[in-house]
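Visitor: I would like to go through this protein with you at the bench, one question at a time. Could you show me the sequence and the structure before we begin?

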Amino acid sequence: MTTALPATGRARNVPPFGGLNPTLLGIEIKRRFRNRRTLFFTVAFPIVMFLAFGLQFRDTSIETGRTVAQGAPSVAAFIMISMAVYGAMMASTSAGGAVAIERQLGWSRQLRLTPLHPVANIFVKILGGLSIGLLAVLATFATGLAIGVRLPVQVWIVAGTAAWLGSLVFTAMGLMVGYLVPSENVMQFMGPALAFLAFFGGLFRPLDTMAKPLQHIGVWTPTYGLGEIARSPLTGDAFNWLAVGNVILWLAVFGIGAALAFRRDTQRV
């Protein structure tokens, strides 16, 4: 007598939200915070840069270049926000590095054999990068407060939020590179690339102090729009449609690129 074999190929039960849950997110965040090299370059390095270039200008007006009373917008505050943006964008690109390492180790391939949805896994990586980005912004702002930078509460909140959430542009950039470049080369590529973009985008030096050809190039870099938007509460500049368009453009470019690279990678399994 023969017995019927159990049915195979049954669809797996997909957990709620594709498998996204607090436990998985907690593991990802703990793993990020245990990476001392990442913490140094995303948290400590922007603070060191801020102290090196901003400490001497804490009482210098961003408008006149002369000494101003404490509490007025200063060059130090301008540099502080720029370095917070830099730290947040470096933290955001670390999501791409994490993806690339998992691809090399074969862990991403193993995860696809589980009920965890690939999009949920990517979303966890994004949240992990944002958690370190928030730490970078808060640490840089705390350093500014400690050395005497004084700003209205709304400026701290709006500028910090813009620097933090605007770094999603670089999350998309990091994911795109993470799916295209071998893991051992991701951060070797991203580090110099981000420094280059930060310089020509006006984070290390105000764009209007550069030569005209460099200014024309700078407004097309992905760092320009984010830096302008984050610093606008401090400078009081009028609404900058060019900066907003810059952020939307690069978010679309990197987002589409990351989605195409992600789709190609998942089709390999």
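Guide: Before any helix is named, it helps to know that helices here are DSSP runs of at least four residues, numbered from the N terminus. Please also keep in mind that this is a predicted model.

Visitor: In which helix is the place of Thr223?
Guide: Leaving aside residues up to four places away in sequence, Thr223 touches Met89, Phe170, Leu197, Ala198, Gly201 and Leu203. Thr223 has a relative accessible area of 1%, and because buried means under 20%, this residue counts as buried. The helix in which Thr223 has its place is α10.

Visitor: How many helices does the protein chain have?
Guide: Read along the sequence, the pattern of the chain is α-α-α-α-α-α-α-α-α-α-α, and there are zero strands. The number of helices is 11.

Visitor: What percentage of the contacts in the protein chain with a separation of 6 or more comes from residues 24 or more positions apart?
Guide: The chain has 269 residues, of which 45% count as buried. For contacts with a separation of 6 or more, the share from residues 24 or more positions apart is 77%.

Visitor: Which helix supplies the largest share of the largest nonpolar core?
Guide: The largest nonpolar core has 53 residues, and Met80, Phe141, Val149 and Leu151 touch the most other members. At least two residues of this core come from each of α2 (36-54), α3, α5, α6, α7 (168-180), α8 (183-200), α10 (222-235) and α11 (241-266). The largest share amounts to 16 residues, and the helix that supplies it is α3.

Visitor: Is the ring pair of Phe141 and Trp156 stacked or edge-to-face?
Guide: Among the eight aromatic pairs counted, one is made by Phe40 and Phe41, whose ring centres lie 5.1 Å apart with planes at 85°, so that pair is edge-to-face. For Phe141 and Trp156 the centres are 5.3 Å apart and the planes stand at 70°; because planes over 60 degrees apart fall in that class, this pair is also edge-to-face.

Visitor: How many residues apart in sequence are the parts that Phe141 and Trp156 tie together?
Guide: Both Phe141 and Trp156 are buried, and Phe141 is also in contact with residues including Met80, Ile81 and Ala84. Phe141 lies in helix α5 (residues 118-146) and Trp156 in helix α6 (residues 153-166), so the pair ties together parts whose separation in sequence is 15 residues.

Visitor: Is Leu105 buried or exposed?
Guide: Leu105 has its place in helix α3 (residues 75-105), and together with Ile101 and Trp107 it makes a nonpolar surface patch of about 350 Å². Its relative accessibility is 66%, and because the limit for the upper class is over 50%, Leu105 counts as exposed.

Visitor: Which residues do salt bridges that share partners join into one network?
Guide: A search of the whole structure finds four salt bridges, one of them between Glu228 and Arg231, which both lie in helix α10, three residues apart, with N to O at 3.2 Å. Elsewhere, Arg31 forms a salt bridge with Glu28 at 3.0 Å between the closest N and O atoms, and these two residues are three apart in helix α1 (residues 22-33), separated by about one helical turn. Glu228 is partly exposed at 22%, whereas Arg231 is buried at 3%. The residues joined into one network by salt bridges that share partners are Glu28, Arg31, Arg32 and Lys125.

Visitor: How many residues apart are Lys125 and Glu28?
Guide: Glu28 is buried with a relative accessible area of 5%, and Lys125 is buried as well, at 1%. The closest N and O atoms of their salt bridge are 3.8 Å apart. This pair links distant parts of the chain, with Lys125 in helix α5 and Glu28 in helix α1, and their separation is 97 residues.

Note on methods:
Residues numbered from 1 in each chain as written. Predicted model: local features only at pLDDT ≥ 70, side-chain atom pairs only at ≥ 80, totals over all residues. Heavy atoms only, no water. Buried < 20%, exposed > 50% of the residue type's maximum accessible area, 1.4 Å probe, protein only. Contact = heavy atoms within 4.5 Å. Patch = residues over 30% accessible without salt bridge, like charges linked within 9 Å, V, L, I, M, F, W, Y side chains within 5 Å. Areas by Shrake-Rupley, 256 points an atom, 1.4 Å probe, with all protein chains shown as cover. Salt bridge = Lys/Arg side-chain N within 4 Å of Asp/Glu carboxyl O. Phe/Tyr/Trp six-rings, centres within 6.5 Å; stacked < 30°, edge-to-face > 60°. Core = buried A, V, L, I, M, F, W, Y, C linked by side-chain atoms within 4.5 Å.
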